[in-house]
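Biologist: I'm new to this one. Could you take me through a single part of it up close, and tell me how that part sits in the whole?

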Amino acid sequence: MINSNKSDFMINFGLKPVSNRFLSNKNEKAPRFPLGVSVNGDTGLISIDQPFPVEEVKPRFQISCFEPEDHLNDLVERLINLPGIDNNSSIGAYSFKDDSSIDRLNNRGYKNTWRIDPELDLSLDELSNIETYQQEFTIQKSIEIKKKYGPADIMLVRHVVEHAYNIDKFIDAIRLLIKPNGYIVWELPSCEKPLKNGDCTMIWEEHIYYFTEFTFRQFLINQNFYINSLSIITYPMEDCIVAITQELDNKKTDTTVSRKDIHIEIERAKKYIERVQKNIKVIPNKLSNIKKKSGKIAIFGGGHATVAFISILGIENIIDFIIDDNPNKISKNLPAGNIPIIASSALYEKDIKICLLGTNPQSHPKIIDKHKDYVNMGGVFASIFPGTEMYFGDVL
């Protein structure tokens, strides 16, 4: 269970906009809510203090989600070799984020698969996303879903547990869907890299919890799960935690945890807050000087990382344009600073000298390769993410 005891330090960013509320004109304003994080003094787990209202976070148009998938072939190989799993095993999935895993399993001959249907099983419309799924996925709905599809031998739950407003009830609803000896596969971002680097873009109103390997392992143990395996998959910005669990039952696990380990997590969180507070002072000055020297600054990517980068650092007046080729975003304004969103063709038309990259670092080489002519014209790409190869703080 999540203990409510908090440590005596936190960071409060003030009122911040809903990241996906793109604006139609300069006079429109995005809804804003208090945004702050603190750390649980009993577990070392970092969390949002006050989640934004679900009805405000729900997207107003279809928004794509990018999750890392380079490891999925290996994961599927591990799953089909688990004890008790064969071609007749029932494999269930929580959301569309599991579709690529299900496709891989189907291609390997594992056809007995199903996924929760948000419209039919949760009574949601087509614009509902993970933020709404977690609200409607109740114990009662879980019971009904189990009756419909049958209990699963394996249940896939990729990149959603960190979104749960009531994480204990979410876990209880998930565990209802598996057979007594069934497996639950959890995947979620590890926050260790952004914590180490003081990366403010880690904070997103839709992520309620910010797990590390230690805090997620302890969380699973506290939830009475046996951890079959827990591994860290390395990616440029955020690594992935992948855990395969079963109900504890008669299996034994070490539940002891030292205060020293928890103290390490608390100190990690404290240093993160200190780094972010320093960056709030340093980065606006650095970007302001870059702008004076080089002219217009754009950010490529109108996602939540860009919104956090701009709104948390208070650089709304420094960024001139947001570059994004999503037709639903073009000609709208970013919720942070009402900054105009324009197509990537503007790189060649608007005399933009500096383009910061706010998309996932895995996509940065593709963007740069696609816009070689911009670079040849003297344009410069650099990343907004500290700790990555092209971080603007290191290269500009």
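Modeller: **Two helices that cross**

In this protein, 70% of the contacts with a separation of 6 or more are between residues 24 or more positions apart, where contact means heavy atoms within 4.5 Å. Keep in mind that this is a predicted model, where local features need pLDDT of at least 70, side-chain atom pairs count only at pLDDT 80 or more, and totals for chains, interfaces and linings use all residues. Residues are numbered from 1 along each chain as its sequence is written, and side-chain values use heavy atoms, with hydrogens and water left out.

The protein has 14 helices and 15 strands; these are DSSP runs numbered from the N terminus, helices being H or I with at least four residues and strands E with at least two.

Now for the close look. Helix H10 covers residues 259-294 and helix H11 residues 304-313; their axes come within 9 Å and cross at roughly 100°. The axes are lines fitted to C-alpha atoms, for helices over the stretch in contact, and angles run from 0 to 180 degrees between N-to-C directions. That crossing makes H10 roughly perpendicular to H11, a label for angles of 65 to 115 degrees (under 35 is roughly parallel, over 145 roughly antiparallel, the rest oblique).

So who's touching? H10 brings Asn279, Ile280, Ile283, Pro284 and Leu287, while H11 brings Phe309, Ile312 and Leu313. By class, that's seven nonpolar, one polar and no charged residues; Ala, Val, Leu, Ile, Met, Phe, Trp, Tyr, Cys and Pro count as nonpolar, Asp, Glu, Lys and Arg as charged, and the others, Gly among them, as polar.

As for the whole, the C-alpha atoms fill a box of roughly 65 × 45 × 35 Å, taken along the principal axes.
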